There are 2 protein chains.
Amino acid sequence: MIGRCTVWYNPLTTCMPPALLSRDDVVDRLMTVFRHAGYDGTSLSELSQATGLGKSSLYHYFPDGKDDMLLSVLERLAAQLRASLFEPLRGPGTPRKRIAAMIRTLDTFYVHGTEPCLLAQIVLGSTRGRFRAPLRAMFAEWMDAITCVLVDAGVSKTIARHRAEDAVVRIEGALVLAGGVDDAQVFTRMLKQLSAALLE
Amino acid sequence: MIGRCTVWYNPLTTCMPPALLSRDDVVDRLMTVFRHAGYDGTSLSELSQATGLGKSSLYHYFPDGKDDMLLSVLERLAAQLRASLFEPLRGPGTPRKRIAAMIRTLDTFYVHGTEPCLLAQIVLGSTRGRFRAPLRAMFAEWMDAITCVLVDAGVSKTIARHRAEDAVVRIEGALVLAGGVDDAQVFTRMLKQLSAALLE
DNA sequence: GGCACACAACCGAACGATCGGTACATTACT
DNA sequence: AGTAATGTACCGATCGTTCGGTTGTGTGCC
């Protein structure tokens with residue numbers, strides 16, 4: 001457990017009532033900061049404030065510093081996506097229902113298009129090279145899962161792969177444009193037509 | 001004119017043969033840096049090196065500092081897009097040819113999907129709020145131009161607007177995904193089917 | 001033409017602040 | 001007692017910014 005359960009816990013930096021933070025909780029908080037500001041726009045002070053942990057504590061759990069923190073965040077994101085998005089896409093249920101589930105998950109994950117995508121955040125930014133591998137893996141796994149559900153729906157593998165790519169393209173693009181014109185409905189509109197676009 | 005035409009011009013920092021740099025040239029160089037690293041990932045030292053101007057000289061032309069520089073870059077980008085993308089979309093020629101021209105322009109502008117989009121770069125990043133207005137305007141103008149050409153092609157205004165939004169979504173998304181999986185063909189594939197998707 | 005002056009263009013050096021990161025002693029828990 | 005967790009104090013580097021000054025060019029006056 002990270003964080004001591006005492007009333008005077010970290011009185012200077014914490015912005016929350018005393019609580020026990022699991023490592024995953026800490027990584028989640030790091031994730032929200034990175035998600036909004038990217039790697040370059042995030043400072044250790046902000047990460048310290050967001051987690052309620054001092055800098056030395058952060059370095060205790062992430063010995064390799066900021067890179068280590070973002071890498072842990074990406075690992076956790078991969079696990080989250082796998083559990084809530086990729087596996088349900090392959091899992092039981094009719095293809096139509098599985099796709100509907102993905103769309104619901106995306107809607108909550110990106111809070112109806114108001115929250116940015118961490119993946120896109122890292123793809124851009126000056127550190128892309130250092131995190132290329134996990135990014136690539138996540139995008140690939142995502143497209144593979146969509147391909148799978150489309151094949152189950154009777155779509156040929158080639159076309160399925162093509163449509164999966166187009167789906168991810170639209171999701172990422174809609175998030176960018178929604179942020180650019182300050183209109184989250186760009187995202188929700190896209191989600192609404194996504195199922196039809198995939199299954200034709 | 002910026003830059004004196006002498007052999008010993010800026011011998012320490014310049015990375016180019018002596019030349020006269022117009023203000024637009026300087027802004028162009030700033031643009032390429034911002035485009036690749038975003039606002040947060042770009043330092044004044046890099047901007048200084050990229051332009052061949054000392055840091056203090058940059059403040060001579062952009063008195064309000066880094067924000068001023070990015071704002072000038074966005075203004076220039078708006079002018080460039082207007083001249084090479086938006087106006088041709090409205091201008092003479094059949095709708096089909098105008099769309100083909102846009103696709104060619106996009107292909108060169110993003111160098112077949114290998115170069116990132118400055119707009120997306122600013123939409124993400126911690127400074128989005130400060131540059132919201134010009135971003136919004138550029139995206140809106142872009143979608144308006146596409147809407148215009150589709151209306152000229154006989155598409156109803158409502159559907160045209162919808163398809164224009166979808167086109168920008170795909171372009172931005174394809175750039176993100178192309179960077180994410182390190183495969184520029186994601187972008188070129190999308191470009192290839194864009195004309196058909198717009199005109200159906 | 002020669003000269004003084006204003007001003008744009010540009011520079012090196014330095015500013016205070018903050019960056020990411022470290023050393024080490026202390027505290028808390030087992 | 002021993003180890004994990006944390007706070008304090010610091011490091012050198014770099015951040016964005018400002019300062020003071022130099023160089024070159026054009027302008028008006030004699």
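By what turn, and with what shift along the axis, can chain A be laid on chain B?

**View 1. Superposition of chain A on chain B in the predicted model.** A turn of 180 degrees with a shift of 0.0 Å along the axis lays chain A on chain B, the RMSD being 0.1 Å. The two copies are therefore related as by a two-fold rotation axis. Gly173(A) has the C-alpha nearest the axis in chain A, at 1.7 Å from it. Both copies use the same surface, since 100% of the contact residues of chain A recur in chain B.

**View 2. The side of chain A that touches chain B.** Chain A and chain B contribute 34 residues each to the contact. On the side of chain A, the elements giving two or more residues are helix H6 (118-123), H7, H8 and H9. Of these, H8(A) gives the most, with 13 residues. By class, the residues on this side comprise 18 nonpolar, eight polar and eight charged.

**View 3. Length and bend of helix H9 (residues 185-199) of chain A.** The end C-alpha atoms of this helix are 22 Å apart, which agrees with the 21 Å that its 15 residues should span at 1.5 Å a residue. H9(A) nevertheless bends by about 35 degrees at Gln193(A). Glu200(A) follows H9(A) and has a positive phi, near 60 degrees.

**View 4. Packing of the buried residues of H9(A).** Val186(A), Phe187(A), Met190(A), Leu191(A), Leu194(A) and Leu198(A) are the buried residues of this helix. Within chain A, they pack against helix H5 (95-109), helix H7 (132-152) and helix H8 (157-181). Helix H8 (157-180) of chain B is also among their packing partners.

Notes: Residues are numbered from 1 along each chain as its sequence is written. Chains are lettered from A and ligands numbered from 1 in the order in which they are written. This is a predicted model: local features need pLDDT of at least 70, side-chain atom pairs count only at pLDDT 80 or more; totals for chains, interfaces and linings use all residues. Copies are superposed by least squares on the C-alpha atoms of residues with pLDDT of at least 70 in both. Two residues are in contact if their C-beta atoms, placed from the backbone, lie within 7 Å. Helices (H or I, at least four residues) and strands (E, at least two) are DSSP runs, numbered from the N terminus. The expected span of a helix is 1.5 Å times one less than its number of residues. The bend at a residue is the angle between axes fitted to the seven residues ending there and the seven starting there. A residue is buried if 20 or more other C-beta atoms lie within 10 Å of its own, exposed if 12 or fewer, and partly exposed in between; C-beta atoms are placed from the backbone. Ala, Val, Leu, Ile, Met, Phe, Trp, Tyr, Cys and Pro count as nonpolar, Asp, Glu, Lys and Arg as charged, and the others, Gly among them, as polar.
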